[in-house]
Structures are given as C-alpha cells and as structure tokens.
Amino acid sequence: MQEPIDFADMIFDAVSKIRNRQLSPGIEYEHILVDEFQDINQAQLEFIETLAQPEGTNLFAVGDDWQSIYSFQGAIVDLFIDFETRFAPATTTTLDVNYRSPPQLVKASNELIRHNESQLDKDVSTPSDSPAAVAKYLLGGYREYDYIEYTAALAVHLVEEYLENGCEPEDIMILCRYDSAVTYLDAVRQKLRDHSIPDGISDEDDGVSVCSVHRAKGRQAKHVIVTHASEGGMGFPATERDSELLDPIRDVEMNTLAEERRLFYVAITRSTRTLDVITKKNDESRFLKEIEEYVDTVTEAEHIVGLEPGDGRAVLRAKVSLLFDDVHPKKHQDGILEDRTDSVRFVSWASNDPPTLESDSWYRFENITVKEYNGAPQIVLTDLTRAEKIDPKQARVDVETIHENLSNEIQTRSSVD
C-alpha cells in the first residue's frame, strides 16, 4: 500500500522525477503559463524552474503582488517582485486598468497600497465614470456584545435596503477578516436567516455571500460590506492568530503589516458599485485612516455614536433597552439607551421632575444633557427634557439616501478638482 502524501509531497516528488529523468516519455513544454504567480511558495517555484529548464521553453507568469495574501500557505511575494531578476532576460507588461471598481474606490485602493514599501510600482486607473461612494459607519456599545449585535443589525439593514431597491441577494457580499469562527459573521448569518434572506451557504451563487476576505479572492459583487474594520484582534490588521510558538519553524514571515494591508486592499476592491465599511468608534483600522480622503463617514445628528461629554446636542432618537431595578432613592430612573449604532447609560433624578420612560420603547428626546460616567458619555434627563414615543422605523438608517447624497458630494468635488 502506497504511503499517504500531501500536496507538498507531490511537488517535491515531481521535481525529483523530472531531474532524475524517471518519467517516460520525458516532459518538455514549449510554453508554461502560471496564473496567480504572487501566491507561489519556494517549492512551487522550484517545480516551475525545473519544468522551464529545457532550452526554448517560454515561461509566462501572471500575477499581482498587491494581492499576495497567502503567506500562511508559504507564499512569498518577493518571488513575484524579483521575477525579472530570477528569470532574466524577461519582459514585463503592466496591467494597470481596473475594469471592476468605480473611480472613488480605485483612488482609495491606490492610496492604501502606496503605504507598502516592497512592491512593484504602478498606478491603477479605471475607465468607469460611476460616482459610487465609499461609506464608513461608526458603531459603539455600552456592553461588550452590543457592538457585535449592532454590526450584524446594520449589515443586514444595508442588505435589506439594497434588496428593496432592486438588487438580488447574490449582488451583495459581506466580508470579515476571518471566516466561520468569527462571531461577527456568525451574527450576520443568523440575522439574515431571521429576516428570511438567503446567505449562500448551500450555493455561493444563490444568496448573500458571507465570508472571509481570503474566500472572496477572485470574486466580486455590486455591493460589498466590510465588517469589523477595526484595529487588532480579528480586525484589520489582525493580531489574533499570531503565534510565537510557531515562529522558529516558519519559513515565511506571516501576518505582516504589509500583507494585512494587501488583504484590506483585496476586500475593498471586490466591489463594482458601492462599498460600506463598518468599524468601531474610537478604534477604527489604521487602513481606513490611510484612505480617509476618499471615505465619507456616515454621521446621523440624532444618533448615540456621536455623543461626547459636554455635548450640547439637544435631540436624540433611542430605545430604552434596559431599566435597572436597584435604583438609588434619589434617582427617578437609571438604565441604558440604544439606537442601532451604539448604547449609552442614562440617568434621571427625582428632584428634577424628569419624564418617565418605558422599557423596550423608542423615543425622540429633546433637550438632553450629556455628561461623563466612568470615563464614558452619560445622558441626563431633566425637567427640560421632552420624550416623545416614536415608531422604530423613524430611527433607521436610510442607506439609499446616504449613498445618493455621498455620490452627489463626490461629483461636486470632482467638478471642482
């Protein structure tokens, strides 16, 4: 019985047989074509070099060093960058036109990748004149799990808005740094099911695609939503899977900042029309900051996420998500308010004759006061505060209007430039 072998064993075995002329008839090719050359590892390079050794053999390699994201499989981007030196004499043809993404996104991706040092120099352009915008949403959370819940709720709300405006589920892609083990994507998938929206698990071509950036490589969608574009952990750049234990036996440096940036580049360039990026308030990814010139932050004047201690804001739309039972005798009520972007502690004092709130009800508050509690904003309701019950739909984000407004703003800026 033959001993089991893996793919790496197959490569080494093939190289050995070719070099030792153990194949009959001998293998000789006039032309060798290698696609995705930026993702090859040292063993695969040796296999290619062995095949290309006979005189008269032509090697044709296609790749993009800006999209080299497989170091965990042993890929070495320098093997592509140094191609002309290794296989001299060589001729290079630069493919520098993006036929997929709108101009705003192409400019953003160019600016992002320029922050990497060791790479081939090129300036990608696009023939498209679409004014589609890149929108960034800031989310928060008084409690740890709130941010995950708000992320899933916003992502699914964006999906619903796109579907209501004529898109099919397969036109939409929701991405995260890591795949099925990540709570963000699990929460998104569950909420999609709760809303009876197919998530493409049984068929990637028949539902909203929900996956990691690695799984999205080579694919595209009209509308792309990138979740948890925040620093560290399982965000962009990620730190969650670093392992010092494995470093001594690794042949390739993994999880470098340059590769993490390339991964974010791949994520945002999956879009053919719109890009929505969800990030955590006060912890957004450095990659977003590197392209801030091309990203428009969605800010709603009446949302919690923008509250700061000392804020003179007078109006807020929010739901009473929790009322504490053990209220201090001098307090009227104490609890937590949330909208769909953030949550915040609130308090009212009996001596101030404030309005009485009901749990699980939505309100439009006027004349609120924003103070600080344990280093975070806290809303104080007084006798001047007006609390009017509202329909929850009145607090929803109007995605179509947001993109239309941002697109108009971008067109205006472009005409000025």
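Asn-282 sits in the loop that runs between strand 7 and helix 10 (286-290). In this predicted model, phi of Asn-282 comes out near 70 degrees, a positive value in a residue other than glycine. Most residues other than glycine have a negative phi. Asn-282 is also out in the open: its relative accessibility is 70%, over the 50% needed, so it counts as exposed. Asp-360 tells a similar story. Its phi is near 65 degrees, again positive in a residue other than glycine, and its place is the loop between strand 11 (343-349) and strand 12 (362-366). With a relative accessible area of 53%, Asp-360 is exposed.

Next, the overall picture. The protein chain carries 11 helices and 15 strands. Of its 417 residues, 48% are buried. Looking at contacts in the chain with a separation of 6 or more, 73% come from residues 24 or more positions apart.

Back to strand 7 (residues 271-280), which holds Thr-279. Thr-279 has a relative accessible area of 0%, so it is buried. Its side chain makes a polar contact of 3.3 Å with the side chain of Ser-230. Setting aside neighbours within four places in sequence, Thr-279 is in contact with a list of residues that includes Lys-136, Tyr-137, Leu-138 and Leu-139, along with Tyr-147, Ala-229, Glu-284 and Leu-288.

Tyr-147 turns up again in the packing of two helices. Helix 6 (residues 146-164) and helix 7 (residues 183-194) pack with their axes 9 Å apart, at an angle of about 50 degrees. That angle falls outside the parallel, perpendicular and antiparallel ranges, so helix 6 and helix 7 are oblique to each other. Their crossing is right-handed. On the helix 6 side, the contact is made by Tyr-147, Ile-148, Glu-149, Thr-151, Ala-152, Ala-153, Ala-155, Val-156 and Val-159; helix 7 brings Thr-183, Tyr-184, Ala-187, Val-188, Lys-191 and Leu-192. Sorted by class, this contact of helix 6 with helix 7 has 11 nonpolar, two polar and two charged residues.

Val-159, in helix 6, deserves its own look. It is buried, as its relative accessible area is 0%. Beyond its neighbours within four places in sequence, Val-159 is in contact with Ile-172, Ile-174, Leu-192, Ile-197, Val-208 and Ile-225. As for Ile-174, it is 15 residues from Val-159 in sequence, and the two C-alpha atoms are 9.1 Å apart in space.

A second helix pair is arranged in another way. Helix 5 and helix 9 (residues 257-268) pack at an angle of about 175 degrees, and their axes are 10 Å apart. Because the angle is over 145 degrees, helix 5 is roughly antiparallel to helix 9. Here Leu-105, Ser-109, Leu-112 and Ile-113 in helix 5 meet Arg-261, Arg-262, Phe-264, Tyr-265 and Ile-268 in helix 9. By class, the residues of this contact divide into six nonpolar, one polar and two charged.

Helix 5 (residues 103-113) is also home to Gln-104. With a relative accessibility of 8%, under the 20% limit, Gln-104 counts as buried. Its side chain finds a partner in the backbone oxygen of Tyr-294, which it reaches at 3.0 Å.

Towards the N terminus, helix 2 (residues 42-51) has Ala-43, Gln-44, Leu-45, Ile-48, Thr-50 and Leu-51 buried. These buried residues pack against helix 1 (7-19), strand 1 (31-34), strand 2 (58-61), helix 3 (78-81) and helix 4 (83-86). At the start of helix 2, a side-chain oxygen of Asn-41 comes to within 3.2 Å of the backbone nitrogen of Ala-43.

Finally, the backbone has a couple of peptide bonds to point out. Most peptide bonds are trans. Ala-88 and Pro-89, however, are joined by a cis peptide bond, with omega about -5 degrees, and Pro-89 lies in the loop between helix 4 and helix 5. The bond from Phe-236 to Pro-237 is cis too, with omega near -5 degrees. Pro-237 belongs to the loop between strand 6 (221-226) and helix 9.

Key: Residues are numbered from 1 along each chain as its sequence is written. This is a predicted model: local features need pLDDT of at least 70, side-chain atom pairs count only at pLDDT 80 or more; totals for chains, interfaces and linings use all residues. Side-chain values use heavy atoms; hydrogens and water are left out. Helices (H or I, at least four residues) and strands (E, at least two) are DSSP runs, numbered from the N terminus. Buried means under 20% relative accessible area, exposed over 50%, partly exposed in between (1.4 Å probe, protein chains only). A polar contact is a pair of N or O atoms within 3.5 Å; within protein, one must be able to donate a hydrogen and the other to accept it, and residues adjacent in sequence count only if both atoms are side-chain atoms. Axes are lines fitted to C-alpha atoms, for helices over the stretch in contact, and angles run from 0 to 180 degrees between N-to-C directions. Angles under 35 degrees count as roughly parallel, over 145 as roughly antiparallel, 65 to 115 as roughly perpendicular and the rest as oblique. A crossing is left-handed if the near helix is turned anticlockwise from the far one by less than a right angle, and right-handed if clockwise. Contact means heavy atoms within 4.5 Å. Ala, Val, Leu, Ile, Met, Phe, Trp, Tyr, Cys and Pro count as nonpolar, Asp, Glu, Lys and Arg as charged, and the others, Gly among them, as polar.
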